[in-house]
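I opened the notebook to look up how the helices and strands of this chain are arranged. I began with the strand pairing and left the helices for later.

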Amino acid sequence: MHEFAITERLVETALRTAAESAGPDARVRRVRMVAGALHALVEDNMQMAYAVLTRGTAAEGSRLEIVRRPVIAACGGCGWSGEITPPFFVCPRCEHVGVEVTGGKELFLEEVETADEH
Ligand SMILES: [Zn+2]
């Protein structure tokens, strides 16, 4: 389950970001991450890992939002560019095989929302 390793890094980064931006007592309320479709992350696994990994931390009970990005490819044959459905990396216009993937590999933490408990 590669979701666990990815979520582990995500939680570490979110906690560090929250502490840096809102101080050491900051609580994390919401975390938003962007995940390209190429990573084929299973949302349920992400949420489960997130709940386990945030337990006992400043992010316990916070919400994880996952923003999906489609797989985008560009064709070197005819210049077409658009969304494709893996695992078929074929140009829908000219059927050129081996289009270049230009989007869908994203994987990053986009936003950490903190809550002030005072
Ligand atoms: Zn093409």
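I started at a single pair: I72 stands opposite E83 in β4, and I noted that strands here are DSSP runs (E, at least two residues) and helices likewise (H or I, at least four), numbered from the N terminus. Strand β3 (residues 72-74) is joined to β4 by 3 bridges, and the two run antiparallel; I took strands as paired if DSSP finds at least two bridges between them.

Before going further I recorded that this is a predicted model, in which local features need pLDDT of at least 70 and side-chain atom pairs count only at pLDDT 80 or more, while totals for chains, interfaces and linings use all residues. Residues are numbered from 1 along each chain as its sequence is written.

**First sheet.** I followed β3 and β4 into an open sheet of 3 strands with the order β4-β3-β5 and antiparallel pairing. Its edge strands are β4 (81-83) and β5 (100-103), each of which pairs on one side only. Neighbouring strands of this sheet are turned by 35° against each other on average, direction ignored; for such angles, axes are lines fitted to C-alpha atoms (for helices over the stretch in contact), and values run from 0 to 180 degrees between N-to-C directions.

**Second sheet.** What is the order of the strands in the other open sheet? I read it as β2-β1-β6, 3 strands with mixed pairing. β2 and β6 stand at the edges with a single partner strand each, so one side of each is left without a neighbour in the sheet. The twist averages 15° from one strand to the next.

I then checked the pairings one by one. Strand β1 (residues 27-36) runs antiparallel to strand β6 (residues 107-115), joined by 8 bridges, and V28 has T114 in β6 as its bridge partner. With strand β2 (residues 63-69), β1 pairs in the parallel sense over 7 bridges; in β2, L64 is the bridge partner of V31, and I66 is that of M33.

**Helices.** I found α1 lying across β1 and β6, running at about 45° to β6. The axes of α1 (residues 2-22) and α2 (residues 43-54) come within 9 Å and cross at roughly 50°. The two are therefore oblique to each other, as angles under 35 degrees count as roughly parallel, over 145 as roughly antiparallel, 65 to 115 as roughly perpendicular and the rest as oblique.

I listed the contacts last, counting residues whose C-beta atoms, placed from the backbone, lie within 7 Å. E3, F4, T7, E8 and V11 in α1 meet N45, M46, A49, Y50, L53 and T54 in α2.

Notes. Two residues are in contact if their C-beta atoms, placed from the backbone, lie within 7 Å.
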